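User: Please take a close look at the sheet in this model and at what packs around it. I would like one connected account, from strand order out to the helices and loops.

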Amino acid sequence: MEQLDLKQLIEQVIQDMKLANSPAVQTAEVQSGPAIEDGCIPDVTQVDIRTQYLVKNPQHGEEYLELKQYAPCRLGIGKAGARYKTDPLLQFRAAHSAAQDAVFSDVDEEFVESMNLFTVHTQCDSKDTYLTRPDLGRKLAPEDVQTIKEKCKKNPTVQIYVADGLSSASVAANVKDLLPAILQGLQSSGIETGTPFFVKYGRVAVMDEISELTGAEVTCTLIGERPGLITAESMSAYIAYKATVGMPEARRTVVSNIHRSGTMPVEAGAHIADIIKLMLEKKASGTNLKL
């Protein structure tokens, strides 16, 4: 390239840069941005990502969006260069924060009392211990063993209890509808149920000790699932026929993804009641239960 041509090229680039940074261009960019009313942006936690498709000029966009309706996945959210767009990034960070809150916060004691549940504890003395010592979350505190013996009905057909697990948010979001639905489904069939209660810092396997203490034929725990980035409010029901300490995990039956965007609590309650009835009929659970 001739020296003169190179000089002209550099001058042209500099001129283009000046135009790009001129007040007129900046004003136009600001005006083309999204409108913000009252100094607030929309609540990013209320966005249904199944309906969100942010790819510009997509091929087969309608078909892709239709597929997204079947699962709330972060797909088709577009990019800004090599980075996420602002909206999906804020949604991701909000979901991550909600997941952390669900794990590290405790279930509101007033909510537990409003559900007429008394509280017992595992051998974990704090949330940190619960997260780092799973083994202690599988054993009841010695003083609470006596509490269960004193307050719970002896040898019920079915013993149901609630545990916080890894999501306190799931307890508040689901138990109010889920627990009554299960109890109603069992009582309508004349099945005796024990005294429900709440286990703080509980792992799934603490149900084995509770089964032995109460003498129940079937034990069911409603426990918070490990939260993900789609929902922090998902709950599972683990159910076992004549559970015993040290039994294999294969003897448990699980109903998972109980939340408002998955299996609705009332619907899940009816399903769990039907499973329990089948367990009592077949005298089996887990992989031994043929649904």
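Analyst: In this predicted model, 6 strands make up an open sheet. Their order is β1-β3-β2-β4-β5-β6, and the pairing is mixed. The edges are held by β1 (118-121) and β6 (253-258). Each has a single partner strand, so one side of each lacks a neighbour in the sheet. On average, neighbouring strands are turned by 25° against each other, direction ignored.

Start at the β1 edge. β1 pairs with β3 in the parallel sense, over 4 bridges. One pairing can be named: Thr119 has Phe198 in β3 as its bridge partner. The side chains of β1 alternate. Phe118 and Val120 point to one face and are buried. Thr119 and His121 point to the other face and are not buried.

Next comes the other pairing of β3. Strand β2 (residues 158-163) and strand β3 (residues 197-200) also run parallel, with 2 bridges between them. Here Ala163 is matched with Val199 of β3.

Past β1, the chain enters a loop that leads to α6 (127-132), and Thr122 lies in that loop. Thr122 has 2% relative accessibility, so it counts as buried. Its side chain reaches the backbone oxygen of Tyr201 at 2.7 Å. Leaving out residues up to four places away in sequence, Thr122 touches several residues, among them Val199, Lys200, Tyr201 and Gly202. Other contacts of Thr122 include Leu136, Gly137, Lys139, Leu140 and Ala141. Val206 is also touched by Thr122, and Val206 is one of the buried residues of α9.

That contact leads to helix α9 (residues 206-214). This helix lies across β2, β3, β4 and β5, and runs at about 140° to β2. Of its 9 residues, 7 are buried, so α9 is largely enclosed by the rest of the structure. The buried set is Val206, Met207, Asp208, Glu209, Ile210, Ser211 and Thr214. These residues pack against α7 (142-151) as well as β2, β3, β4 and β5. Gly215 follows the helix, with a positive phi near 75°.

Now take helix α8. α8 lies across β2, β4 (218-224), β5 (235-241) and β6, at about 170° to β2. It also has a helical partner. Helix α8 (residues 168-187) packs with helix α10 (residues 265-282) at an angle of about 35°, and the axes are 8 Å apart. The crossing is right-handed. From α8, the contact uses Asn174, Asp177, Leu178, Ala181, Ile182, Gly185 and Leu186. From α10, it uses Pro265, Val266, Ala268, Gly269, Ile272, Ala273, Ile276 and Lys277. By class, that contact has 10 nonpolar, 3 polar and 2 charged residues.

One loop remains, between β4 and β5. Ser234 lies there. At 5% relative accessibility, under the 20% cut-off, Ser234 counts as buried. Its side chain makes a polar contact of 2.7 Å with the side chain of Glu225. Not counting residues up to four places away in sequence, Ser234 touches Ser170, Gly224, Glu225, Asn257, Ile258 and His259. Asn257 and Ile258 belong to the edge strand β6 (253-258), and Ser170 to helix α8 (residues 168-187).

Definitions and conventions: Residues numbered from 1 in each chain as written. Predicted model: local features only at pLDDT ≥ 70, side-chain atom pairs only at ≥ 80, totals over all residues. Heavy atoms only, no water. Axes fitted to C-alpha atoms, helices over the stretch in contact; angles between N-to-C directions. Left-handed = near helix turned anticlockwise from the far one by under 90°. Contact = heavy atoms within 4.5 Å. Nonpolar A, V, L, I, M, F, W, Y, C, P; charged D, E, K, R; others polar. Pairing = 2+ DSSP bridges. Buried < 20%, exposed > 50% of the residue type's maximum accessible area, 1.4 Å probe, protein only. Polar contact = N/O pair within 3.5 Å; in protein donor to acceptor, adjacent residues only side chain to side chain.
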